[in-house]
Amino acid sequence: MPRDLHPRLLRGFVATAETLHFGRAAERLYVAQQALSRDVRTLEGLLGDTLFVRTTRSVELTPAGQRLLPRARRLLALHDEILAEAGAGAAAARPLLLDLNSDVTGPDLTADRVLQRARAAWPEGELLARFHGGLAAAAAELLAHRLDASFGRFAGLSAPVRGQLAQLPVRLERISVMMADTHPLARRPALRPAELAGHPVDICAGNPATTEWADLGARLLREHGLAAAEPYVPPVGLDETARYLARHGDPMLTTVGGPKIPGSVNVPLVEPVPLCLVSLVHRPGERHPGLRALAAAASELGTAESWLSRPAGSWLPAADAELVAAAQNTAPASGG
């Protein structure tokens, strides 16, 4: 009898190979750890090879596992491509699920503006907004096929996750700090990073859903010799954010143009102007017409308002700058 190799077995193997941890791999795939271990054993039985060396402290790939990993990735990519092409017609009939990367809205928030324009350009379709609160959380949903697209800082995701997703650079957003209006720095029209010395900055390090943002904040603070605030449980919503700012008192890293939080001010950072690259993130090969509408809307807004033009004297991590340069077919701008 021929042996059939189910894609589920390969997905479990790839996730475990990339994390080298059965618990984290199971979390990524949203399955029980026991089920994942069983699938790996089944795959090893089918192939007649041991793929992992397991101890109480570590998990390592065997030579057979190392040989299988690139081929498994290629096979899964082809599998997903075939399904995407087969489902292209059906995709038009179902809503596209889009994560806006925030539970609040604002007049100049990138995701909100792109969504509004795409809805106007594609009235026959349905674009449904979801709020996972960060690209790290949304990426897990994308990989599990429970979400179709999201916005956020792609370069801040781990390399294994980036390798399974695609992105379109959309906008270079200017970074600012938000603080209670009673803070000693609240009356400044703008702040240089050096002026934050002695004021620990909240980079949302306590939020596992926004690790890509915390990575950007850590890089910015480290380069300018600034300290990060203690990680706190993050707030959700306008009112809770207002209470959070008043209670903890630390300036919170955010972006210019965000929503107005009661009792707070949003002060832009200058000299240099720190930037965050926001991308439209999705699975490779996704052919949903709603995704095309979002990409077109992002391109139109970006062209009209120079969303990917980098101000002189700005700061941007090298990895983010390379993504912008690749999209513009130019040499990478120097990172901060």
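At 60% relative accessibility, does E271 count as buried or exposed? E271 counts as exposed at that value, because the cut-off for exposed is over 50%. The structure that holds E271 is a predicted model, and its secondary structure comes to 12 helices and 10 strands. The points below begin with the protein as a whole and then turn to particular helices, strands and loops.

**The protein as a whole**

- For 336 residues, a compact globule would have a radius of gyration near 20 Å, and the 22 Å of the protein agrees with this.
- The C-alpha trace spans about 75 × 50 × 40 Å along its principal axes, and 46% of the 336 residues count as buried.
- Of the contacts between residues at least 6 apart in sequence, 72% join residues that are at least 24 apart.
- About 16500 Å² of the protein is exposed, and carbon and sulfur atoms supply 54% of that area.
- There are 35 positive and 35 negative side chains, and the centres of these two sets lie 4 Å apart.

**Helices α6 and α11**

- Helix α6 covers residues 110-121, and its 12 residues should span 16 Å at 1.5 Å a residue, which agrees with the 17 Å between its end C-alpha atoms.
- The buried residues of α6 are T110, A111, D112, R113, V114, L115 and A118, and what covers them includes the strands β3 (96-99), β4 (127-130), β5 (149-152), β6 (166-180) and β9 (273-282), as well as helix α11 (289-305).
- Helix α11 has 17 residues and reaches 24 Å from its first C-alpha to its last, close to the 24 Å expected at 1.5 Å a residue.
- In α11, the buried residues are P289, G290, L291, A293, L294, A297, A298, L301 and G302, and just after this helix S306 takes a positive phi of about 55°.

**Helix α1 and the loop that follows**

- L10 lies in helix α1, which covers residues 7-19, and L10 counts as buried because its relative accessibility is 3%, under the cut-off of 20%.
- Leaving out residues up to four places away in sequence, L10 touches L5, L43, A72, L75 and L76.
- Although L10 and L69 are 59 residues apart along the chain, their C-alpha atoms are separated by 8.9 Å.
- L20 is placed in the loop between α1 and α2 (22-29), where L20 is partly exposed, with a relative accessible area of 31%.
- Most residues other than glycine have a negative phi, whereas phi of L20 is positive, near 50°.

**Strand β7**

- T254 lies in strand β7, residues 252-255, and counts as buried at 18% relative accessibility.
- Beyond its neighbours within four places in sequence, T254 is in contact with R174, I175, S176, V177, M178, W213 and N266.
- T255 also lies in β7 and is buried, with a relative accessible area of 10%.
- When residues up to four places away in sequence are not counted, T255 touches E173, R174, I175, S176, W213 and N266.

**The loop between β8 and β9**

- The exposed residue E271 is found in the loop between β8 and β9, and its phi is positive, near 50°.
- Most peptide bonds are trans, but a cis peptide bond joins E271 and P272, with omega about 5°.
- P272 has its place in the loop between β8 (264-268) and β9.

Methods:
Residues numbered from 1 in each chain as written. Predicted model: local features only at pLDDT ≥ 70, side-chain atom pairs only at ≥ 80, totals over all residues. Heavy atoms only, no water. Helix = DSSP H or I, 4+ residues; strand = E, 2+ residues; numbered from the N terminus. Rg over C-alpha atoms; globule rule 2.2 N^0.38 Å. Buried < 20%, exposed > 50% of the residue type's maximum accessible area, 1.4 Å probe, protein only. Contact = heavy atoms within 4.5 Å. Areas by Shrake-Rupley, 256 points an atom, 1.4 Å probe, with all protein chains shown as cover. Lys, Arg positive; Asp, Glu negative; His and termini not counted. Charge placed at Lys NZ, Arg CZ, Asp CG, Glu CD. Expected span 1.5 Å × (residues − 1).
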